[in-house]
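The following note is offered to a colleague who is new to this entry. The points are numbered so that each may be checked against the coordinates in turn.

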Amino acid sequence: MNLLLIKQLAIISAIAGVIIGLITVIPYVSLVSFLILLTCVSVFVLVYLKQNDLIGIISIKEGCIFGAIIGFVSFLTFSIIYAPISSILGTLISAYPQKHFIYFVTDFGTFVITVFILLFMAGLSALFNGFSGLVTAYLYEIFTGIKKETDENNSIDFTVE
C-alpha cells in the first residue's frame, strides 16, 4: 500500500473527527453526528477523495482497510476534542459546579479506564467503518464497471515473441 495515501487518509479523517467532535457538542444533533462517526464517516471521506482525484481505483480489500483506518483515527480525534469540551461546558453550565474535568485529570485510575474504553470504541468504529468502506468500494466498482486488477501478471506492457 501507498504510505502517502495512508497519511492523507489519516489527516483527512482526523479533520473529519474534529469537525464531528465540534458538532456533537450541539444537543439536538449529537446522537445523529455520533452515529455517523461510528458507522459511516469512511463513506464521506472515500467519496471526497474520489471526487477530488486524490485516490485512484481501489479494490474491495483496500476499501475495507482504508475504512478501518478512517474509522479508528476519526474516533480518536473525536474523543480528544469532544471529551474536554463537554466536561468544561458541563461544569460551566450546571447550576452546582462540580469537579468533573479536574477529577478526571487528577485521578489516574479513571484516566486509564477512560483510555481503554476509548480504544475499544475506536476499534468498534474501525470495524463498522471498515464495512462501510468495503461497501463504498464495491458500489464504486459496480457503478463504474472498472475493477482493479489483483493479478499483477495480467498487467504486462510488453509481449514476448
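1. Asp53 is found in the loop that runs between H3 and H4. In this predicted model, its phi is near 55 degrees, which is a positive value in a residue other than glycine. Is Asp53 buried or exposed? Its relative accessibility is 66%, and Asp53 therefore counts as exposed, the threshold being over 50%.

2. The loop of Asp53 joins two helices that also pack against each other. Two packed helices are described by the angle between their axes and the distance between the axes. The axes of H3 (residues 41-51) and H4 (residues 60-93) come within 9 Å and cross at roughly 115 degrees. The crossing of H3 past H4 is right-handed. On the side of H3, Val41, Ser42, Val45 and Leu46 make the contact, and on the side of H4 the residues are Gly63, Phe66, Gly67, Ile70 and Ser74. Sorted by class, this contact of H3 with H4 has 5 nonpolar and 4 polar residues, and no charged residues.

3. Ser42 belongs to helix H3 and is one of the residues in the contact with H4. How large is its relative accessible area? The value is 0%, so Ser42 is buried. The side chain of Ser42 reaches the backbone oxygen of Asn129 at 2.9 Å. With neighbours within four places in sequence left aside, Ser42 is in contact with Gly67, Ile70, Asn129, Ser132 and Gly133. Of these partners, Gly67 and Ile70 are among the buried residues of H4, while Asn129, Ser132 and Gly133 are among those of H6.

4. Gly63, on the H4 side of the same topic, lies in helix H4 and takes part in the contact with H3. Its relative accessibility is 0%, and Gly63 therefore counts as buried. Which residues does Gly63 touch, leaving aside its neighbours within four places in sequence? They are Leu46, Ile58, Gly130, Gly133, Leu134 and Ala137. The pair Gly63 and Gly133 is separated by 70 residues in sequence, yet the C-alpha to C-alpha distance is 4.8 Å.

5. Helix H4 as a whole has 34 residues and reaches 47 Å from its first C-alpha to its last, close to the 50 Å expected at 1.5 Å a residue. Its buried residues are Glu62, Gly63, Phe66, Gly67, Ile70, Gly71, Ser74, Phe75, Thr77, Phe78 and Ser79. What covers them includes helix H1 (3-23), H2, H3 and helix H6 (108-144). Leu89 also lies in helix H4, but with a relative accessible area of 34% Leu89 is partly exposed. Leu89 and Val25 are 64 residues apart in sequence, and their C-alpha atoms are 9.0 Å apart in space.

6. Helix H6 has 37 residues and reaches 52 Å from its first C-alpha to its last, close to the 54 Å expected at 1.5 Å a residue. The residues buried in H6 are Ala122, Ser125, Ala126, Asn129, Gly130, Ser132, Gly133, Thr136, Ala137 and Glu141. H2, H3 and H4 are included in what covers them. Just after H6, Gly145 takes a positive phi of about 80 degrees.

7. Ser33 has its place in helix H2 (residues 30-39). Its relative accessible area is 7%, which means that Ser33 is buried, the limit being under 20%. The side chain of Ser33 makes a polar contact with the side chain of Thr24 at 2.9 Å, and the Ser33 side chain also reaches the backbone oxygen of Ser30 at 3.1 Å. Beyond its neighbours within four places in sequence, Ser33 is in contact with Ile20, Ile23 and Thr24.

8. The chain as a whole may be considered last. How many helices and strands does the protein chain have? There are 6 helices and 0 strands, and the pattern along the sequence is α-α-α-α-α-α. Of the 161 residues in the protein chain, buried residues make up 26%. Among contacts in the protein chain with a separation of 6 or more, 79% are accounted for by residues 24 or more positions apart. The pair Gly63 and Gly133, 70 residues apart in sequence, illustrates such a separation.

Note on methods. Residues numbered from 1 in each chain as written. Heavy atoms only, no water. Axes fitted to C-alpha atoms, helices over the stretch in contact; angles between N-to-C directions. Helix = DSSP H or I, 4+ residues; strand = E, 2+ residues; numbered from the N terminus. Left-handed = near helix turned anticlockwise from the far one by under 90°. Contact = heavy atoms within 4.5 Å. Nonpolar A, V, L, I, M, F, W, Y, C, P; charged D, E, K, R; others polar. Buried < 20%, exposed > 50% of the residue type's maximum accessible area, 1.4 Å probe, protein only. Polar contact = N/O pair within 3.5 Å; in protein donor to acceptor, adjacent residues only side chain to side chain. Expected span 1.5 Å × (residues − 1).
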